[in-house]
Amino acid sequence: MIEHSHLKIIQALHNNGTLTEAANALCLSQPALSHQIGYLEKKLNIPLWERDGRSLRLTQAGKLLLEVANQVLPVLSQAEKTLEAYSEGRQGILRIGVECYPCFEWLTGMIGQFMREMPEIDIDIVQKFQFTGLEGLLNHHIDVLITPDIVKKESIIYEILAEYQLVLLISADHTLAGIQYLTPEHLSKENLLTFPVPLERLDILTHFMTPAQLEPKKLKPIESLEIMLQMTALNRGVCVLPEWLADIKTQNLGLRKIRIGKQGLYQKLLLAMREPDKIIPYIRKFIAVGQKIAQNSPL
């Protein structure tokens, strides 16, 4: 009953708000779009829209169909791209989900080598997800997900891409500049600048502060790494980064690195994938290239 064109219509109406703008987005005339809307409602035997002034508002049935459109259309779009790649003699498309800022920086450092070794593979990189990166993987919106976190799900497996140390960054004249390593008590007196992620995904909290039953004096989420580092340099707070990323980004800022805990705080960068996809040659190559670069770099 429901066709691809019907899903595109309901999504266009929702995204554009008016019949005229939706018709323009779909490259249809307004009468043609009105006819298709009427046909769809007659076919389903239920109203999908109601007028709200000059705009159209979805009914409960329309909202349900919109949810279906938002799930199905990205999958169909990617299937079309993959089939087009096959028809052109290319091996396929690797859709890479990126779930954190360090994940994206790591990908930036290795993707060129992967593309040189696999020139027949197209690359799509997805940083924003409708829900979460893992749901994007489960719903086939992406093929692999670069993440620092393991969330156990049936049919999802993980491969280690790299292992690295997290370090505290402070200004050169900070009061902590003379310590050999950070303790939870030290950090409990500091304003901690972080990326805007759920607290349970901050390793400095879950693996360092929480076990000591302490927390930073204040948490301040910052969207931009560059602004975070500038604020750290000006003693507006301290921040935690992978050491390899800190070495790249702080060369001209005069920041000091402090080891977290006497033994250091270490993390893994992981590649999540659907279990049946683990044998796909270009995914295996992506893992191999990433691991090789990690072995030959400061990570």
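**Group meeting: a walk through the predicted model**

Let's start with the contacts: of those with a separation of 6 or more in this protein, 72% are between residues 24 or more positions apart. Keep in mind that this is a predicted model.

Okay, overall build. We've got 299 residues, and the secondary structure comes to 11 helices and 12 strands. The C-alpha trace spans about 75 × 50 × 35 Å along its principal axes. The radius of gyration is 24 Å, whereas a compact globule of 299 residues would come in near 19 Å. As for burial, 41% of the residues are buried. The exposed surface is about 16400 Å², with carbon and sulfur atoms supplying 52% of it. On charge, there are 31 positive and 33 negative side chains, and the centres of those two sets sit 3 Å apart.

Now, how is the chain divided up? Domain 1 covers 4–75, domain 2 is made of 88–159 plus 269–296, and domain 3 runs over 163–267. Domain 2 and domain 3 touch through 9 residues from domain 2 and 10 residues from domain 3. Their C-alpha centres are 27 Å apart.

Let's zoom in on a few residues. Take L270, in strand β12, residues 265–274. Is L270 buried or exposed? Its relative accessibility is 4%, so we call it buried. And what does L270 touch, leaving aside residues up to four places away in sequence? The list includes L145, I146, T147, P148, D149 and I150, and then Y158, E159, I160 and L161. P148 is a nice one to look at on the screen: P148 and L270 are 122 residues apart along the chain, yet their C-alpha atoms are separated by 5.7 Å.

Next up, T232, over in helix α9, residues 225–233. T232 has a relative accessible area of 0%, so that one is buried too. Skipping residues up to four places away in sequence, T232 touches L169, I170 and S171, plus L193, then G237, V238 and C239, and finally L255.

D203 is worth a look as well, if you're thinking about charged side chains. D203 is in helix α8, residues 203–209. Where would you put an aspartate like D203, buried or exposed? Here the relative accessibility is 14%, and the cut-off for buried is under 20%, so D203 counts as buried. Apart from residues up to four places away, D203 touches L166, F208, L265 and Q267. For a contrast with the L270 pair, try D203 and G136: those two are 67 residues apart along the chain, and their C-alpha atoms are separated by 23 Å.

Last stop, the backbone. Which residues other than glycine have a positive phi? Two to point out are C27, with phi near 60°, and S155, with phi near 80°. C27 lies in the loop between α2 (19–25) and α3 (30–44). Its relative accessibility is 72%, so C27 counts as exposed. S155 is in a loop too, the one between β5 (144–147) and β6 (156–171). With a relative accessible area of 38%, S155 is partly exposed.

So, to recap: L270 is buried at 4%, T232 is buried at 0%, D203 is buried at 14%, and C27 is exposed at 72%. That's my tour, thanks everyone.

Definitions and conventions. Residues are numbered from 1 along each chain as its sequence is written. This is a predicted model: local features need pLDDT of at least 70, side-chain atom pairs count only at pLDDT 80 or more; totals for chains, interfaces and linings use all residues. Side-chain values use heavy atoms; hydrogens and water are left out. Helices (H or I, at least four residues) and strands (E, at least two) are DSSP runs, numbered from the N terminus. The radius of gyration is taken over C-alpha atoms; the globule rule is 2.2 Å times the number of residues to the power 0.38. Buried means under 20% relative accessible area, exposed over 50%, partly exposed in between (1.4 Å probe, protein chains only). Contact means heavy atoms within 4.5 Å. Accessible areas come from the Shrake-Rupley method with a 1.4 Å probe; for residues, only the protein chains shown count as cover. Lys and Arg count as positive and Asp and Glu as negative; His and the chain ends are not counted. The place of a charge is taken as NZ of Lys, CZ of Arg, CG of Asp or CD of Glu. Domain bounds come from an automatic or database domain assignment.
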